[in-house]
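The following note comments on a single protein model and is arranged as numbered points. The coordinates should be kept open while reading.

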Amino acid sequence: MGIKETLIRLSETPAESVVSITGTRELCAENCRCITACDEDLAVLQLKDMSMRVVGTGLVLENFGAYGVRLTGRIHSVTFEESAGNSN
């Protein structure tokens, strides 16, 4: 298999989402597809096959780039909801 075929295969492989929480002050989510809501009290992130709701106070979107999202502030809760049609 050549380099071109390998790169195509890797781009078709869905990346898993990795979520890291440091204490109650920082959350990093890799492979975030989009942000559907974000204010000081709530952030909703669309991950690979689920949405993630982050509830807190003073939430700030510090970074949103090709590799993920970094939220800071006082995190009270994090919940996940499977996207429609996903049975994994």
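1. The first point concerns one pairing inside the sheet. Leu 27 has Leu 71 as its bridge partner in β6. This contact belongs to the junction of β2 with strand β6, residues 68-82, where 5 bridges join the two strands in the antiparallel sense. The model is a predicted one.

2. Leu 27 is also engaged on the β1 side, since Ile 21 has Leu 27 as its bridge partner in β2. Strand β1 (residues 19-22) pairs with β2 over 4 bridges, and this pairing too is described as antiparallel. The two strands make a hairpin with 3 residues between them. Within that turn, Gly 23 adopts a positive phi of about 60°.

3. Which residues of strand β2 lie on its covered face, and which on its uncovered one? In this strand, residues 26-30, the covered face consists of Leu 27 and Ala 29. Glu 26, Cys 28 and Glu 30 make up the uncovered face.

4. The wider arrangement is an open sheet of 6 strands, ordered β1-β2-β6-β5-β4-β3 and paired in the antiparallel sense. Its edges are β1 and β3 (34-38), each of which pairs on one side only. From one strand to the next, the twist averages 30°. Elsewhere in this order, β4 is joined to strand β5 (residues 50-64) by 5 bridges, and these two strands run antiparallel. Within that pairing, Leu 45 has Met 52 as its bridge partner in β5.

5. Confidence deserves a separate remark. The protein has a mean pLDDT of 85, with 81% of its residues at 70 or more. Among its elements, the lowest mean pLDDT, 59, belongs to helix α1 (residues 3-12), and the highest, 96, to strand β4 (residues 42-46). I would ask that any account of the model report both values.

6. How many salt bridges does a search of the whole structure find? The search returns 2. One of them joins the side chains of Glu 26 and Arg 70, at 2.5 Å from N to O. Because Glu 26 lies in strand β2 and Arg 70 in strand β6, the pair ties together parts that are 44 residues apart in sequence. Glu 26 is on the uncovered face of its strand, and Arg 70 is partly exposed, its relative accessible area being 32%.

7. The side chains of Lys 48 and Glu 16 also meet in a salt bridge, with an N to O distance of 3.1 Å. This pair links distant parts of the chain, 32 residues apart: Lys 48 sits in the loop between β4 and β5, and Glu 16 in the loop between α1 and β1. Glu 16 is exposed, at a relative accessible area of 51%.

8. The cysteines call for a brief comment. The disulfide count is 0. Cys 32 is in no disulfide, and the nearest cysteine sulfur, that of Cys 34, is 6.5 Å away. Why do Cys 34 and Cys 32 form no bond? The sulfur of Cys 34 has its closest cysteine sulfur in Cys 32, and the 6.5 Å between them is too far for a bond; the cut-off for a disulfide is 2.5 Å. As to accessibility, Cys 32 counts as buried at 10%, whereas Cys 34 is partly exposed, with a relative accessible area of 31%.

Terms used
Residues numbered from 1 in each chain as written. Predicted model: local features only at pLDDT ≥ 70, side-chain atom pairs only at ≥ 80, totals over all residues. Heavy atoms only, no water. pLDDT = per-residue confidence, 0-100. Buried < 20%, exposed > 50% of the residue type's maximum accessible area, 1.4 Å probe, protein only. Pairing = 2+ DSSP bridges. Axes fitted to C-alpha atoms, helices over the stretch in contact; angles between N-to-C directions. Salt bridge = Lys/Arg side-chain N within 4 Å of Asp/Glu carboxyl O.
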